[in-house]
There are 4 protein chains.
Amino acid sequence: MGMLRDHCGVIAVAAKEEVASSLFFGLKSLQHRGQESAGITTLAADGQARTIKGMGLVDNVFPPEKVAELRGQYGIGHVRYSTAGRSVVENAQPHSVQSQFGWVALAHNGDIVNAPALLEGLKAKGWAFITDSDTEVATRLLAKKLTDNGGNAMRAIRDLMGELSGSYSFTMVVGSDLYAVRDPFGIRPLCIGKLPNDGGYMAASESVALDVLGAEYIRDVAPGEIVRITRDGYEAQQTPAAPHPAHCFFEYVYFARSDSVIDGQLAHEARRKIGMALAKEAPVEADIVVPVPDSGRAHASGYAEASGLPLREGLMKNRYVHRTFIMPGQDNRERNVRLKLNPVKPMIQGKRVVVVDDSIVRSTTMRRIVELLRQAGAAQVHVRIASPPITDPCYLGVDFHHRDQLVAANHKVEEIRKLIGSDSLAYVSIGGLVQAIGMPKSSMCLGCVTGEYPIAIEGERVRGQHVLEDFPVST
Amino acid sequence: MGMLRDHCGVIAVAAKEEVASSLFFGLKSLQHRGQESAGITTLAADGQARTIKGMGLVDNVFPPEKVAELRGQYGIGHVRYSTAGRSVVENAQPHSVQSQFGWVALAHNGDIVNAPALLEGLKAKGWAFITDSDTEVATRLLAKKLTDNGGNAMRAIRDLMGELSGSYSFTMVVGSDLYAVRDPFGIRPLCIGKLPNDGGYMAASESVALDVLGAEYIRDVAPGEIVRITRDGYEAQQTPAAPHPAHCFFEYVYFARSDSVIDGQLAHEARRKIGMALAKEAPVEADIVVPVPDSGRAHASGYAEASGLPLREGLMKNRYVHRTFIMPGQDNRERNVRLKLNPVKPMIQGKRVVVVDDSIVRSTTMRRIVELLRQAGAAQVHVRIASPPITDPCYLGVDFHHRDQLVAANHKVEEIRKLIGSDSLAYVSIGGLVQAIGMPKSSMCLGCVTGEYPIAIEGERVRGQHVLEDFPVST
Amino acid sequence: MGMLRDHCGVIAVAAKEEVASSLFFGLKSLQHRGQESAGITTLAADGQARTIKGMGLVDNVFPPEKVAELRGQYGIGHVRYSTAGRSVVENAQPHSVQSQFGWVALAHNGDIVNAPALLEGLKAKGWAFITDSDTEVATRLLAKKLTDNGGNAMRAIRDLMGELSGSYSFTMVVGSDLYAVRDPFGIRPLCIGKLPNDGGYMAASESVALDVLGAEYIRDVAPGEIVRITRDGYEAQQTPAAPHPAHCFFEYVYFARSDSVIDGQLAHEARRKIGMALAKEAPVEADIVVPVPDSGRAHASGYAEASGLPLREGLMKNRYVHRTFIMPGQDNRERNVRLKLNPVKPMIQGKRVVVVDDSIVRSTTMRRIVELLRQAGAAQVHVRIASPPITDPCYLGVDFHHRDQLVAANHKVEEIRKLIGSDSLAYVSIGGLVQAIGMPKSSMCLGCVTGEYPIAIEGERVRGQHVLEDFPVST
Amino acid sequence: MGMLRDHCGVIAVAAKEEVASSLFFGLKSLQHRGQESAGITTLAADGQARTIKGMGLVDNVFPPEKVAELRGQYGIGHVRYSTAGRSVVENAQPHSVQSQFGWVALAHNGDIVNAPALLEGLKAKGWAFITDSDTEVATRLLAKKLTDNGGNAMRAIRDLMGELSGSYSFTMVVGSDLYAVRDPFGIRPLCIGKLPNDGGYMAASESVALDVLGAEYIRDVAPGEIVRITRDGYEAQQTPAAPHPAHCFFEYVYFARSDSVIDGQLAHEARRKIGMALAKEAPVEADIVVPVPDSGRAHASGYAEASGLPLREGLMKNRYVHRTFIMPGQDNRERNVRLKLNPVKPMIQGKRVVVVDDSIVRSTTMRRIVELLRQAGAAQVHVRIASPPITDPCYLGVDFHHRDQLVAANHKVEEIRKLIGSDSLAYVSIGGLVQAIGMPKSSMCLGCVTGEYPIAIEGERVRGQHVLEDFPVST
């Protein structure tokens with residue numbers, strides 16, 4: 001189905017002073033979670049919300065004069081990386097509407113798998129929608145619940161959660177309050193912090209957003225928890241959580257910033273340990289370990305450490321290149337690759353190279369990297385991957401939508417090795433991965449590497465018995 | 001209350017070829033009806049609508065590459081001049097939503113006076129709104145009616161009209177069709193045309209939009225009429241019209257382009273005749289007649305013709321100045337005035353000047369003009385105004401919102417003359433105005449000069465017995 | 001030859017306060033003299049000059065924050081309409097360089113006909129040039145003369161004038177002083193004014209730039225005069241002037257703003273009188289006189305006045321259209337014409353129309369206008385032109401560069417009438433034109449309508465005996 | 001004095017096809033050498049040069065449509081980081097002029113120390129200058145020499161070099177040819193390459209620009225060498241070189257990209273060896289080695305390798321932050337620091353940290369880093385610096401202009417340690433540095449760490465006897 005699914009980052013801040021610049025800095029620290037659009041909603045003292053959003057990086061959307069336009073001490077923010085559907089400003093978040101009981105604005109990270117069904121139901125009642133995003137469905141539904149509950153936000157959110165199936169970490173403006181909400185499986189990250197100097201409270205997708213504001217990390221939002229955040233504290237209410245959480249392992253492997261602590265684990269440390277596990281599981285006689293920058297850097301350092309091989313920055317990333325330059329001609333396509341990633345010939349030449357990256361999705365990038373290394377004179381190229389083969393789609397917030405885009409869905413490891421042209425190829429095992437992350441396997445969502453999902457998805461298998469709701473959803 | 005009220009221009013085109021550039025040219029010819037924002041919605045062959053809108057002039061919002069993005073042979077467009085509320089892109093039109101029966105998009109010229117009441121009613125049902133405009137209320141309500149009527153657009157629009165009170169000329173996308181709709185009083189203009197070479201059909205606020213596309217003027221949309229427009233023709237359905245129409249006289253005095261024909265009258269001709277009436281009603285011994293460019297030009301030519309006085313362009317407008325330049329300092333404020341309007345000293349000096357303009361609202365502009373003429377050496381300055389004194393607000397689409405902003409609401413003519421500092425001041429009479437326009441008085445809305453409105457407005461008098469609906473509306 | 005020739009407007013202001021915003025307003029009032037680029041040079045108290053220039057209208061190049069960057073109480077400005085060569089920012093003016101004796105910056109209106117020869121001479125000495133404009137030649141040569149004269153600006157300018165042949169009205173920064181300079185024939189306009197409240201002195205291409213600053217018109221700069229302008233007064237030095245001036249008649253016909261007084265004549269009055277002369281020389285039995293807006297408006301009012309025919313605005317100009325919109329398709333080209341100029345059918349239909357414009361250059365525009373009027377139902381179309389046939393190129397500052405672009409260079413009047421498709425065609429006579437402007441024929445440059453030029457141009461005839469320098473120049 | 005001194009990157013390409021996109025990609029790979037402005041000059045088949053330049057990154061100045069405007073198979077490019085003077089577009093390069101013998105355009109990396117004297121000499125002859133840069137002096141002087149030599153470019157360049165004193169790596173368009181020129185000391189880098197598929201030849205500041213175009217590295221341009229580059233090969237002419245070269249050591253320490261090979265040495269390898277030397281010279285009992293990203297990364301890996309301590313990325317750089325955000329308030333200044341560099345608390349806490357960076361200039365940055373590490377709980381912080389103390393200014397192309405900005409010019413190491421607040425502080429020795437770079441000390445410029453310069457600078461000591469010209473120059 002064609003609804004919008006995104007990687008995203010969210011934030012909420014309740015402060016004792018104007019909050020827009022805090023939201024700006026927080027979002028900027030979450031920029032790695034989405035570079036396509038950015039938005040902020042603030043709630044002024046008079047109860048009026050104001051939303052500014054636009055396409056591009058946080059600092060493009062929010063020059064200082066725009067930040068200054070946003071008045072109020074409560075607010076939420078969002079960065080988005082669309083993985084499907086239209087890259088248009090209408091789909092930027094927060095999604096913000098006026099209800100009978102004031103403003104309702106949502107910033108959302110995750111995928112609501114039954115959004116299409118909910119949408120059809122609402123349309124059948126005569127409702128109409130501006131975007132094709134699950135966030136608008138959730139926002140309008142919340143406004144309805146709020147009205148049904150006479151303006152009681154806590155009950156309205158609880159009712160909303162009763163209807164949603166999927167992954168969601170929300171930050172919300174509801175009437176005059178701020179909320180942070182996490183789905184019953186805790187699939188996407190969300191944590192709470194306290195601003196310095198008793199300045200207020202906040203929530204964000206990752207702890208780095210707390211760090212940049214000098215805020216103290218308090219704890220993660222629990223699966224199924226609703227947290228009301230005020231400038232003086234926070235108040236939590238637990239709704240039924242799943243028997244076992246289903247934290248996305250891919251946050252640790254790639255998506256989170258490596259200096260973020262998520263559900264108790266430092267991402268960098270998890271990555272280093274995965275690299276060490278990989279070295280033990282798939283050793284190889286070689287001369288140097290080369291990370292694919294920046295995604296394979298932490299994994300590679302673990303591999304080097306455990307293998308005793310020297311770590312060398314044999315692939316150099318151009319720090320000033322953030323996109324592919326559209327110039328006609330085959331030559332220019334080649335140049336684009338080399339502009340982003342330059343193999344350091346004097347380091348590579350004649351060497352047996354272990355190249356380490358976080359994952360292989362389609363295999364085209366890794367094929368080019370192997371080619372670059374061979375052109376630079378590598379004697380051998382051994383590829384080591386810090387995640388198990390991605391064999392199945394993600395329906396819960398990562399950009400692996402279709403099996404036919406996943407090389408490992410249709411090819412065995414040896415076939416992939418041939419495709420990418422390396423001398424050897426190895427992936428970390430699921431067991432090694434789980435142990436490195438240091439969390440029970442039953443607490444993780446491993447859907448994309450096992451084909452078993454925590455939530456019922458039409459046409460897919462459900463993980464063990466851990467399903468909270470099992471009505472089939474069409475996607 | 002704070003709902004958005006605007007001057008606007010609307011258009012709809014159904015063509016046998018791609019329609020976006022026709023909408024662009026049509027809107028550009030309606031640019032005088034609104035310079036704040038512009039928008040176009042087109043309906044592609046696959047039933048998908050696409051809306052692009054933005055702040056600024058039509059050509060700023062629609063560079064050629066944007067026009068090229070808009071696919072489809074059916075579409076509507078809008079230009080807006082906000083007269084209250086927020087100048088933000090969210091309030092730009094068309095307002096476009098997806099319903100169970102496809103897209104519903106509205107472009108609206110007018111003021112729906114019971115929009116606040118309708119809005120409260122919908123919110124009480126749990127609905128939520130993105131903008132603070134009456135157009136969103138109408139759009140969402142239409143989507144609801146469409147669903148209630150199982151997708152029958154004609155019935156849905158009829159039902160919608162049954163709930164709306166106020167002035168409206170709509171162009172609409174409803175599902176796969178295009179509509180043009182005018183309120184039961186025909187307050188704002190709307191006419192139908194046929195594209196050249198059997199290329200399709202169209203509707204627009206003014207006939208100049210037909211002219212630019214080489215289209216043939218067919219007729220005005222009748223008060224209370226719903227017209228479905230297709231590439232092969234049009235189909236009209238009459239809903240109950242008011243016993244007497246209430247065409248806004250101010251379209252003839254100022255708002256329409258002088259080369260537009262509205263409800264059968266050429267605006268320029270009406271203006272010239274008003275000027276002639278004014279010369280007869282308020283003659284004065286003088287040397288020259290000077291128009292205030294460009295708004296008083298046609299009136300002044302009539303005045304000159306009837307009085308036998310020579311017409312002289314004694315106030316020169318700078319064609320390259322479209323806004324006030326914000327530079328600090330009193331000097332620069334003065335310069336702004338002179339930059340826009342330069343008195344031609346050699347023409348003015350020693351002369352008894354009759355200066356003619358369309359209307360006086362607050363009186364500040366006219367006071368400056370009299371001052372400029374005196375500084376340039378005018379021996380006498382006689383002010384002649386081509387509308388009666390504007391004593392009452394407009395609730396139906398013109399930017400006279402508050403009595404305290406209308407100098408004639410609180411001052412007699414002689415007081416106003418003193419305020420503006422002229423030697424004499426005269427307004428055309430209501431009788432003279434009506435005769436010049438050439439339409440029965442009972443067919444016009446003269447609310448702002450009589451205080452009697454065709455529609456019930458809380459706290460205001462209703463015109464004669466001609467009220468269609470008489471429930472009081474809060475505004 | 002390929003050197004750059006432009007229409008332009010120039011200004012210089014010496015004030016007792018910061019001068020940038022005065023230059024801004026002055027340039028904005030001269031915007032009609034050039035819309036392609038704009039520039040300002042100011043001289044700060046420390047002797048440092050700063051130049052900002054760019055492509056586009058004055059207000060696009062100079063948003064308030066840019067104006068605020070320009071410090072100093074002395075400055076010059078320029079607007080440019082390039083008529084040949086490259087529309088690139090390098091060619092924007094003022095042209096500003098640092099010499100041994102401080103900054104030298106020039107803003108130039110006119111054409112230096114021997115610039116190519118001077119350029120070759122300087123290049124032969126090892127000099128190099130950034131632009132292909134005559135202004136850079138003049139600027140560098142002035143810097144050289146300044147050095148040769150030990151920093152004496154007056155002598156340097158005098159020496160410069162000794163080498164230049166052609167038309168030039170300059171405003172200049174030289175070291176710490178400001179100058180206004182006019183060529184020995186006074187071909188392009190230039191006048192001096194006094195700022196209000198003893199605030200300083202200024203010079204500008206037209207008196208409208210004085211008006212906008214509230215400045216008092218003092219006098220025109222005399223042909224061959226160098227005027228040093230200070231905040232306390234001005235000091236003039238006369239260099240050898242031509243025996244007879246050669247004021248460009250086309251300033252009166254078209255180029256100057258009609259509210260400007262140039263060499264003692266109000267342009268609007270000259271235009272009206274030309275129209276009256278035309279009515280006497282070429283009367284016609286007709287119903288209405290229709291101006292081509294805005295260029296024919298003043299002429300048409302004179303024609304109407306003298307002929308007794310009513311003046312009607314039968315061609316309506318869209319005030320919001322400043323350029324041709326590039327949309328593919330023949331339809332869209334047609335729409336562009338009608339977007340700019342809409343014939344008012346109800347005024348035209350069945351009428352014998354006299355349409356009046358300032359001039360015919362290529363004839364394509366007038367052919368379209370005649371066609372528009374016929375399509376609108378005109379019974380007859382009589383074209384009256386307020387200048388004599390333009391049979392010869394202009395080498396001195398107007399955009400008539402090549403004989404093959406001038407329809408009257410190669411066709412008789414009757415042939416042109418057939419080309420444009422009118423019922424009759426008449427031009428004002430040279431005698432009628434001269435008398436209307438009210439200046440001796442010997443004081444005017446009539447090169448483009450007589451083929452006799454005040455300055456020796458290779459391959460062209462020289463006017464009477466009035467040549468100052470007669471060495472042939474290659475162009 | 002105030003002449004402009006810059007870090008820069010230069011490139012020249014002569015190809016058998018359109019060259020603009022090659023210049024674009026080459027410049028983008030040199031972006032680290034200058035982010036303030038970018039420019040390209042291409043030479044079309046008709047001998048006309050076209051220059052486009054602007055403020056900002058290469059991809060901001062050159063969107064695809066701008067690249068497409070640049071026609072020709074020969075061209076040069078420049079990126080600039082201004083270290084003094086005005087950040088204005090006039091000072092962007094290439095500097096391009098038209099001479100008697102065609103176009104002369106220069107892109108320059110280095111500092112011409114006698115430029116002020118040359119400038120004064122030329123001004124005294126009546127010459128004038130648009131910029132305040134040494135590049136314009138060189139460009140105009142070259143145009144003069146070209147004329148003096150009857151258009152012989154090789155002789156003109158040789159003559160130019162005879163007058164210049166200082167550091168310069170030039171790429172040039174001279175008439176119809178392309179040149180690469182390096183000063184007699186070879187202070188700034190410059191190398192030659194061959195395009196793939198016999199596609200042409202090129203020169204660039206660093207070998208990474210060859211890599212991105214798939215070009216083969218041929219050799220560095222020798223000190224004092226003039227290389228004419230054509231699409232079919234290159235032709236070199238040696239002018240008198242200094243007895244000993246003076247390659248800037250700081251290119252190896254910081255300025256060059258670490259994957260560049262400069263005068264035979266891979267920058268990354270030099271950096272790693274400097275780190276190893278530092279570990280041997282200044283060992284410390286500690287737990288982890290932490291690089292300051294990205295400048296200290298290679299050095300730190302060498303330090304870790306030699307010391308046996310684990311390397312940890314304990315300071316995380318935000319990849320999306322390229323500038324400081326100007327938001328008012330002390331809080332926001334703090335946030336700016338943490339936004340750019342986040343200490344990874346779980347890695348740092350309780351650890352004895354060795355933090356490694358390339359250099360200390362003013363000491364403020366390092367003080368903040370030490371503070372961040374202590375706030376994150378570091379038990380000890382030991383600072384190790386991969387260059388000797390910078391005690392003296394650079395006059396030859398690096399941004400160390402004034403002694404009073406150099407903390408090591410005025411403080412002993414122990415004083416600096418106190419200033420930055422670390423537990424220990426050590427710099428690599430000059431001997432250790434020289435050995436790590438692997439080049440004779442006599443072949444390097446060590447001016448900023450020894451106070452002895454290869455070129456006579458007024459008020460400074462000259463290195464050994466290796467002076468080529470010893471007339472004192474005023475700077």
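## Helices H4 and H5 of chain A

H4(A) and H5(A) are oblique to each other, a class left for angles outside those under 35 degrees (roughly parallel), over 145 (roughly antiparallel) and 65 to 115 (roughly perpendicular). In this predicted model, local features need pLDDT of at least 70 and side-chain atom pairs pLDDT 80 or more, while totals for chains, interfaces and linings use all residues. The axes of H4 (residues 115-124) and H5 (residues 134-148) of chain A come within 9 Å and cross at roughly 55°, the axes being lines fitted to C-alpha atoms over the stretch in contact.

The contact (heavy atoms within 4.5 Å) involves Ala115(A), Leu118(A), Leu119(A) and Leu122(A) from H4(A), and Asp134(A), Val137(A) and Leu141(A) from H5(A). Six of the residues in this contact are nonpolar, none is polar and one is charged.

## Chains A and D

A turn of 179° with a shift of 0.0 Å along the axis lays chain D on chain A with an RMSD of 0.1 Å, where the superposition is by least squares on the C-alpha atoms of residues with pLDDT of at least 70 in both copies. This is the relation of a two-fold axis. Within chain D, Arg319(D) has the C-alpha nearest the axis, 3.9 Å from it.

## Chains B and C

Chain C is superposed on chain B by a rotation of 180° with 0.0 Å of shift along its axis, at an RMSD of 0.0 Å. In chain C, the C-alpha nearest the axis belongs to Arg319(C), at 3.9 Å. The copies meet through the same surface, because 100% of the interface residues of chain C are also interface residues in chain B.

## Conventions

Residues are numbered from 1 along each chain as its sequence is written.

Definitions and conventions. Chains lettered and ligands numbered in written order. Heavy atoms only, no water. Axes fitted to C-alpha atoms, helices over the stretch in contact; angles between N-to-C directions. Helix = DSSP H or I, 4+ residues; strand = E, 2+ residues; numbered from the N terminus. Nonpolar A, V, L, I, M, F, W, Y, C, P; charged D, E, K, R; others polar.
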